[in-house]
Amino acid sequence: MTAMPHTFDPAEADPRSFRDALGRFATGVTVITCATADGPLGITANSFSSVSLDPPLVLWSPAKRSTRYPFYVQAEFFAIHVLGAEQVDLCFDFARDGVAFGRYDWTYNQHGVPMLDGCLSRFECRQVAIHDAGDHSVVIGQVSRVTTRDGTPLVFSAGDYGRFQKA
């Protein structure tokens with residue numbers, strides 16, 4: 001039997017109810033990297049999406065309250081790393097610590113962006129637009145290079161991490 005739906009105005013309800021409703025949508029998990037004057041920086045994000053095939057555009061949405069936010073909105077170049085199911089430790093490490101690079105294999109690309117090895121897909125981007133979006137910003141990047149491999153994606157849904165199970 002299907003549970004009764006719960007309808008509410010998110011502007012007036014408990015913010016947790018809105019967050020829980022959003023959590024019904026499963027997403028992939030990424031780590032976004034950029035260069036800073038102090039060295040490489042990374043952050044875990046599930047707000048990644050494709051925008052356009054021609055030109056090749058993607059987006060992600062950093063939270064304005066994040067201490068890492070200023071670095072990402074100022075970065076001309078960045079990389080988005082789509083994580084595999086076996087990379088949950090990498091996900092947690094960059095969620096907690098933006099400089100967790102010492103635990104992983106990585107290099108710099110020609111623009112000085114830190115590139116993590118072994119991800120399912122990696123999109124090397126140049127920032128082309130930033131849009132205000134409430135407590136987040138939408139960062140749009142034009143993709144100049146892609147690296148990809150086969151594998152099972154790391155998935156986030158309803159506050160938990162897992163893997164996609166094929167029927």
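This report describes the fold, the cores and a few chosen residues of one predicted protein model.

Residues are numbered from 1 along each chain as its sequence is written, and side-chain values use heavy atoms, with hydrogens and water left out. Because the model is predicted, local features need pLDDT of at least 70 and side-chain atom pairs count only at pLDDT 80 or more, while totals for chains, interfaces and linings use all residues.

## Overall shape

The protein chain holds 3 helices and 12 strands. Both are DSSP runs numbered from the N terminus: helices are H or I with at least four residues, and strands are E with at least two. The radius of gyration is 17 Å, close to the 15 Å that the globule rule gives for 167 residues, so the chain is as compact as a globular protein of that length. That radius is taken over C-alpha atoms, and the rule is 2.2 Å times the number of residues to the power 0.38. Along its principal axes, the C-alpha trace spans about 55 × 40 × 35 Å.

How much of the chain is buried? Buried residues make up 38% of the 167 residues. Buried means under 20% relative accessible area, exposed means over 50%, and partly exposed lies in between (1.4 Å probe, protein chains only). The chain exposes about 10100 Å², and carbon and sulfur atoms supply 54% of it. These areas come from the Shrake-Rupley method with a 1.4 Å probe; for residues, only the protein chains shown count as cover.

Contacts also link distant parts of the sequence. Contact means heavy atoms within 4.5 Å. Among contacts between residues at least 6 apart in sequence, 62% join residues at least 24 apart.

## The cores

A nonpolar core is a set of buried Ala, Val, Leu, Ile, Met, Phe, Trp, Tyr and Cys residues joined through side-chain atoms within 4.5 Å. The largest one has 17 residues. Inside it, I32, W60, Y72, F78 and I80 have the most contacts. Which elements give two or more residues to this core? They are β2 (30–36), β3 (39–45), β5 (57–60), β6 (77–82), β9 (121–133) and β10 (136–148). A second, separate core has 11 residues, including V31, L83, A100 and L154.

Take F78 as an example. Leaving aside neighbours within four places in sequence, its contacts include I32, C34, W60, V113, F123 and V139.

## Cysteines without partners

A disulfide is a pair of cysteine sulfur atoms within 2.5 Å. By this rule the count is 0. C34 is in no disulfide, and the nearest cysteine sulfur, that of C125, is 12 Å away. C34 is buried, with a relative accessible area of 0%. C119 is in no disulfide either; its nearest cysteine sulfur belongs to C91, 11 Å away. C119 counts as buried at 9% relative accessibility.

## Polar contacts

A polar contact is a pair of N or O atoms within 3.5 Å. Within protein, one atom must be able to donate a hydrogen and the other to accept it, and residues adjacent in sequence count only if both atoms are side-chain atoms. Here are four of them.

| Side chain | Partner | Distance |
|---|---|---|
| T44 | backbone oxygen of C91 | 2.6 Å |
| T44 | backbone nitrogen of A95 | 3.1 Å |
| S137 | side chain of Y69 | 2.6 Å |
| Y104 | backbone nitrogen of L90 | 3.2 Å |

T44 is found in strand β3 and counts as buried at 18% relative accessibility. Not counting residues up to four places away in sequence, T44 touches V29, T30, V31, L90, C91, F94 and A95.

S137 is in strand β10. Is S137 buried or exposed? S137 is buried, with a relative accessible area of 3%. Beyond four places in sequence, S137 touches W60, S61, P62, K64, Y69, I130 and H131.

Y104 sits in the loop between α3 (88–96) and β7 (106–108). With the same exclusion of residues up to four places away, Y104 touches D89, L90, D93, F94 and L116. Y104 and T27 are 77 residues apart in sequence and 23 Å apart in space, C-alpha to C-alpha.

## Two more loops

P55 lies in the loop between β4 (49–52) and β5. The peptide bond from D54 to P55 is cis, with omega near 5 degrees.

T67 lies in the loop between β5 and α2 (69–74). At 67% relative accessibility, T67 counts as exposed. The C-alpha atoms of T67 and D150 are separated by 34 Å, and the two residues are 83 apart along the chain.
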